[in-house]
Amino acid sequence: MNNFLYKQFDGLIILARKIIFSFRAVVAREPRLWILFQPYIKWDQFKKKSIGKDETERLVTADTELVIDGFQGSANSFATSHFKKNQTKSVKVTNHMHSPTQIIQAINQKIAVLLIIREPVGAVLSLTSRWSYVSVTQALESYIGFYTKLKPYKDYFIISTFNLTTQHLDKVVEAVNEKFNKNFDLVDVAKANADHANRLRDPQEEARRKAIKQKKRDELSSVKNTKLLAQAETLYKEFETCARKTVKL
């Protein structure tokens, strides 16, 4: 009986998390629902502050100099971390809110924006292996909603693909400097990748995520997900074309 109740309770927790993920994805991208996104901002700020980090990075403000954002699992952390490490002076960077609304707010305030995009399979598998309660369908729908919302604004930010971000971040920063008349220091890409390769990893966690990725990859073959993936890939190609035009290798 206890085992049955535990399974029921666990199922309810997973369902709640799935609902919260989809709800967040919607309120993060719709300016008219901005008030409903505030609790997520406050929670993220609280988490940052609790570990002694700058909680103001979670909100676009008048003193924000650069926004780095993109769909989850697209190398946002790599870009933000190594950009900041390579600056000789402090730069106020707003990052990791995964919010088209915040990006639109930055554009309206004429703040520099670096938007990161990864091909949908890689992004979705990265996200769903980290948060296994998120289904592939949910992740694809969120990906499509995220970048569809930003399509009309493609001329107002620099777009960087996953490959450009991880292999040519120096050129990406050059493009940001040129477009927004900035003078940010460039990134030492070789050192960034060496640091990334040498970071401490938990072997058990790596194995767990690898196993989850395989299960999630199998979900991609369903009829519904095949259609969603086709939509996502079309979006990706549009953004990738823009990235190639603006980031000069």
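**Exercise 1. Which helices each supply at least two residues of the lining of the largest pocket?**

Solution.
Step 1. Know the model. It is predicted: local features need pLDDT of at least 70, side-chain atom pairs count only at pLDDT 80 or more, and totals for chains, interfaces and linings use all residues. Residues are numbered from 1 along each chain as its sequence is written, and side-chain values use heavy atoms, leaving out hydrogens and water.

Step 2. Fix the terms. Helices (H or I, at least four residues) and strands (E, at least two) are DSSP runs, numbered from the N terminus. On a 1 Å grid over the protein atoms alone, a pocket is an open set of points with protein on both sides within 12 Å along at least five of seven lines; a cavity is a set where a 1.4 Å probe fits but cannot get out; lining residues have an atom within 4 Å of a point. Grid points are joined across faces, edges and corners, and a volume is the space filled by probe spheres set on the points.

Step 3. List the helices. They are H1, H2 (34-50), H3, H5 (120-130), H7, H9 and H10 (203-219). H3 gives the largest share, eight residues.

Step 4. Add the volume and centre. The largest pocket holds about 1700 Å³. Of its 46 lining residues, Gly73, Ser77, His96, Arg130 and Arg209 are the closest to the centre.

Step 5. Sort by class. Ala, Val, Leu, Ile, Met, Phe, Trp, Tyr, Cys and Pro count as nonpolar, Asp, Glu, Lys and Arg as charged, and the others, Gly among them, as polar. The pocket lining has 11 nonpolar, 15 polar and 20 charged residues.

**Exercise 2. Place strand E1 among its partners.**

Solution.
Step 1. Check burial. Buried means under 20% relative accessible area, exposed over 50%, partly exposed in between (1.4 Å probe, protein chains only). In E1 (residues 66-70), five of five residues are buried. Leu66, Ile68 and Gly70 lie on one side, Val67 and Asp69 on the other.

Step 2. Find the partners. Two strands pair if DSSP finds at least two bridges between them. E1 runs parallel to E2 (residues 93-95), with three bridges. Leu66 stands opposite Val93.

Step 3. Trace the crossover. From E1 the chain passes through H3 (residues 76-85) to E2, a right-handed β-α-β crossover. Right-handed means that, with the strands pointing away from the viewer, the path from the first strand over the helix to the second runs clockwise.

Step 4. Add E3 (residues 112-117). E1 pairs with E3 in parallel over five bridges. Here Ile68 faces Leu114.

**Exercise 3. Compare the linings of the two cavities.**

Solution.
Step 1. Count. The whole structure has two cavities of 30 Å³ or more.

Step 2. Take the largest, about 80 Å³. Its lining includes Phe21, Arg24, Gln72, His98 and Phe146. H1 gives the most, five residues. The classes are five nonpolar, three polar and two charged.

Step 3. Take the second largest, about 40 Å³. Leu66, Ile68, Phe83, Leu114, Val172, Val173, Val176 and Phe184 line this cavity. E1 and H8 (169-180) each give two or more residues. This lining has eight nonpolar, no polar and no charged residues.

**Exercise 4. Is His82 buried or exposed?**

Solution.
Step 1. Locate His82. It sits in H3.

Step 2. Read its area. His82 is buried because its relative accessible area is 5%.

Step 3. List contacts (heavy atoms within 4.5 Å). Leaving out residues up to four places away in sequence, His82 touches Leu169, Val187, Ala192, Asp195 and His196.
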